[in-house]
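Biologist: Could we go through this model together? I would like to begin with the strands and then move outward.

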Amino acid sequence: MHRNSQKYYDLLYKAQGKDYQAECTDLAALIKEHHAAATTVLDVGCGTATHARILRDDFNLEVDGSDIDPDMIAIARQKVPEGTFDVADMVTMDIGRQYDAVVSMFSAIGYVKTKERMFDAIKSMAKHVKEDGILIVEPWLKPDVFTHGGLYMDTANEDGIKLCRISRNEVENGISRLNFHWTVGTTVGIETFEEVLELGLFSIEDMLEGFNAANMQAEHFEMENRFSNRGMYIARHKPA
């Protein structure tokens, strides 16, 4: 969970070149390919709702969202005032509505950390999928891909803000740990802070087992050069 960086989230990923427009074009096409009549979407782990904003404006989809982080939801509600955005943990959420498509992007599923909680999160998301609807989940990195000891640096310089984020990766007991060290300069002053993000490393077999436990039939697609190059799971309820 992001503890201090929410207000810099959009700026950082814009500087990294994250192409939300292209992702939403691909996501809207994916939704329509697997559910041509879909009009309603729930974005689980929606963050600041950039996907939701574009999907509503450019693809005529009614998108709501949920996120465990109240500060992210506050930004989402400002960005997409016509949507409904709930503070909710994907592992236990029950927002009382069902959708044609439930999506979870940008590896939000990884934040549940353990296989047991991943199973519960998929069951929770499945409850919000209509009987003929679809569930789309973009995973975090697989165990054989994440690199222990990896060192990275990201910078941004825009809107009177200069920032640098250095991270070092660790792996312990099947959980990836991203140790972030931030330095942010504005006209008001310079602040430094640290964040630690932990995400579970799940294999394709783990994820498919989770969908099966939720009584959903899922397929894994590699999605090369699309989204974050981490693949995508697309699932439907199994026939009664």
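Biologist: How many of the 6 residues of strand S2 are buried?
Modeller: This is a predicted model. In strand S2, residues 62–67, 5 of the 6 residues are buried, so the strand is mostly covered by the cut-off of under 20% relative accessible area.

Biologist: Which strand pairs with S2, and in what sense?
Modeller: Strand S1, residues 40–44, pairs with S2 in the parallel sense, over 5 bridges.

Biologist: Which residues stand opposite each other there?
Modeller: Asp43 stands opposite Gly65 in S2. Val44 has Ser66 of S2 as its bridge partner.

Biologist: And S1 itself, how many of its residues are buried?
Modeller: In S1, 5 of its 5 residues are buried. Both faces are covered: Thr40, Leu42 and Val44 are buried on one side, and Val41 and Asp43 are buried on the other.

Biologist: Let us turn to a helix. Where is Met125?
Modeller: Met125 is in helix H5, which runs over residues 115–127.

Biologist: Is Met125 buried or exposed?
Modeller: Met125 has a relative accessible area of 0%, which is under the 20% cut-off, so Met125 counts as buried.

Biologist: What does Met125 touch, beyond residues up to four places away in sequence?
Modeller: Met125 touches Val44, Met93, Val102, Ser104, Ile109, Leu135 and Val137. Val44 is the residue of S1 whose bridge partner in S2 is Ser66.

Biologist: What about Ser124, buried or exposed?
Modeller: Ser124 is also placed in helix H5. Its relative accessibility is 3%, so Ser124 counts as buried. Leaving aside neighbours within four places in sequence, Ser124 is in contact with Met90, Val91, Thr92 and Met93. Met93 is also among the residues that Met125 touches.

Biologist: How far apart in space are Met125 and His148?
Modeller: From C-alpha to C-alpha, Met125 and His148 are 31 Å apart, with their positions 23 residues apart in sequence. For Ser124 and Thr155 the C-alpha separation is 36 Å, at 31 residues apart in sequence.

Biologist: Changing topic: where is Arg165, and what is its relative accessible area?
Modeller: Arg165 is found in strand S7, residues 161–172. Its relative accessible area is 6%, so Arg165 is buried.

Biologist: What does Arg165 touch, then?
Modeller: Not counting residues up to four places away in sequence, Arg165 touches Leu12, Tyr13, Gln16, Tyr152, Met153, Asp154, Phe180, His181 and Trp182.

Biologist: Where does Asn169 lie, and what does Asn169 touch?
Modeller: Asn169 lies in strand S7 and is buried, with a relative accessible area of 6%. Outside the residues up to four places away in sequence, Asn169 touches Phe146, Thr147, His148, Gly149, Gly150, Tyr152, Arg177 and Leu178. Tyr152 is also among the residues touched by Arg165.

Biologist: Now the loops. Which loop holds Asp159?
Modeller: Asp159 is in the loop between strand S6, residues 151–158, and S7. Asp159 has a positive phi of about 55° although it is not a glycine.

Biologist: Is Asp159 buried or exposed?
Modeller: Asp159 is exposed, with a relative accessible area of 66%.

Biologist: And what is the phi of Asn173?
Modeller: Asn173 has a positive phi of about 55° and is not a glycine either. Asn173 sits in the loop between S7 and strand S8, residues 175–185. With a relative accessible area of 74%, Asn173 is exposed.

Biologist: Let us step back to the whole chain. How many helices and strands are there?
Modeller: The protein has 6 helices and 11 strands. Its radius of gyration is 18 Å, close to the 18 Å that the globule rule gives for 240 residues, so the protein is as compact as a globular protein of that length. The C-alpha trace spans about 60 × 40 × 30 Å along its principal axes.

Biologist: What share of the residues is buried?
Modeller: Buried residues make up 51% of the 240 residues. Among contacts between residues at least 6 apart in sequence, 61% join residues at least 24 apart.

Biologist: Last topic: what about the surface and the charges?
Modeller: The accessible surface comes to about 11400 Å², of which 48% belongs to carbon and sulfur atoms. There are 25 positive and 39 negative side chains, and the centres of the two sets lie 2 Å apart.

Notes: Residues numbered from 1 in each chain as written. Predicted model: local features only at pLDDT ≥ 70, side-chain atom pairs only at ≥ 80, totals over all residues. Heavy atoms only, no water. Helix = DSSP H or I, 4+ residues; strand = E, 2+ residues; numbered from the N terminus. Rg over C-alpha atoms; globule rule 2.2 N^0.38 Å. Buried < 20%, exposed > 50% of the residue type's maximum accessible area, 1.4 Å probe, protein only. Contact = heavy atoms within 4.5 Å. Areas by Shrake-Rupley, 256 points an atom, 1.4 Å probe, with all protein chains shown as cover. Lys, Arg positive; Asp, Glu negative; His and termini not counted. Charge placed at Lys NZ, Arg CZ, Asp CG, Glu CD. Pairing = 2+ DSSP bridges.
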